[in-house]
Amino acid sequence: MADHYQALVCTHWGHWSELVLQTLQRPALLPGQVRIRVRHAGIGFALSLFVAGTYQRRPPLPFTPGTEVAGEILEAAPDVAHLRPGQRVIAALDWGALAQEAVASAHTVYALPDAVPLAVAAALPITYATAWSALQWAGRLRPGDNLLVHGASGGLGMAAVQIASHLGARVIATASTGEKRLAALAHGAAHALPSDPARLAQAVKDLCPAGGVQLVFDPVGGDLFDASLRCAAPDARLLVIGFASGRIPQIPANLLLVKNLAVRGFNYGRYIGWGLTDERAEHAGAVQDMVGQITSAVASGAIAPPRTRHFALAQWLQAIDTTMSRRAVGKVILDF
């Protein structure tokens, strides 16, 4: 192996467009770690927060952003027993994904079935794992539930649509354009509505004789979250996943009281070492099992492969901008 590789590097807190492509020396492998030849890396909204220094975790400068990769194991530390060189894997990283090579904790590296192409697999270890765990662990999704998914054409929202449909829910998706709504329908949504907070509650209630949905999956926040409170049936659960709209909503507690609603925040990062304390070892078994269910479902065809849009390394500015401007349908992937 060569002793150097290319990576996108954040040298100072600022805008993501200020990243620079650099050649880096390979770091030493520590106990419990593996080195991955990155073939594909996912790009999500959190990248801009990492680079600005406003995410809840601040990497030491300089650093390479990115948290989702698909590739092959180049090297494993002697104490790592379940992974071997040459093995196809996906991984959830603290950071470091936007590079030709990445070092990861073996706790958050997962074997990939041969039937799942590497080209789509980078969407699975965080994006699809977040949706699956949020819906099942926090949302207690039940077959037959009416589920409202906001941002349903983006990487995370589309994952929620696919997974919930696979688990037997009736999905009502929201998206901003006709093209995006058609994409949500094509990936399992029963209905797709415009992202119009003023008209959403009535549109949802027209589709739900019980007076609303039993579960809301919301990575958008802002006015759509406010509207979700009016879309919810009595005893509904609302999952707060993120705030892609840019506004963190304030919850009027009287609505929770009147309708017996439960609002739960869900931070998947807690389970992969991103919490206030590093709990990845404690949750590694449960997460490995859950990711295994996802990859098996994709491998068998029970869940269609993630919809992805690919960019070459030389197009990294365009790739990140496509995510941040919300033009993407599905997951944006940078190819190495």
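Just after helix α3, arginine 140 takes a positive phi of about 50°. That is a handy place to enter this predicted model, whose protein chain comes to 10 helices and 15 strands. Below, the notes go from α3 out to the whole chain.

**Helix α3 and what follows**
- Helix α3 covers residues 124-138 and bends by about 25° at threonine 130.
- Of the 15 residues of α3, 13 are buried, so the rest of the structure largely encloses this helix.
- If you follow the backbone out of α3, look for arginine 140, where phi is positive.

**Overall dimensions**
- A compact globule of 336 residues would have a radius of gyration near 20 Å, and the protein chain agrees with that because its own value is 20 Å.
- The C-alpha trace of the protein chain spans about 60 × 40 × 35 Å along its principal axes.

**Burial and contacts**
- In the protein chain, 54% of the 336 residues are buried.
- Taking contacts in the protein chain between residues at least 6 apart in sequence, 68% join residues at least 24 apart.

**Surface and charge**
- About 13,600 Å² of the protein chain is exposed, and 55% of this area is supplied by carbon and sulfur atoms.
- The protein chain holds 27 positive and 23 negative charges, and the mean positions of these two sets are 6 Å apart.

Definitions and conventions:
Residues numbered from 1 in each chain as written. Predicted model: local features only at pLDDT ≥ 70, side-chain atom pairs only at ≥ 80, totals over all residues. Heavy atoms only, no water. Bend = angle between axes of the 7 residues up to and from the residue. Helix = DSSP H or I, 4+ residues; strand = E, 2+ residues; numbered from the N terminus. Buried < 20%, exposed > 50% of the residue type's maximum accessible area, 1.4 Å probe, protein only. Rg over C-alpha atoms; globule rule 2.2 N^0.38 Å. Contact = heavy atoms within 4.5 Å. Areas by Shrake-Rupley, 256 points an atom, 1.4 Å probe, with all protein chains shown as cover. Lys, Arg positive; Asp, Glu negative; His and termini not counted. Charge placed at Lys NZ, Arg CZ, Asp CG, Glu CD.
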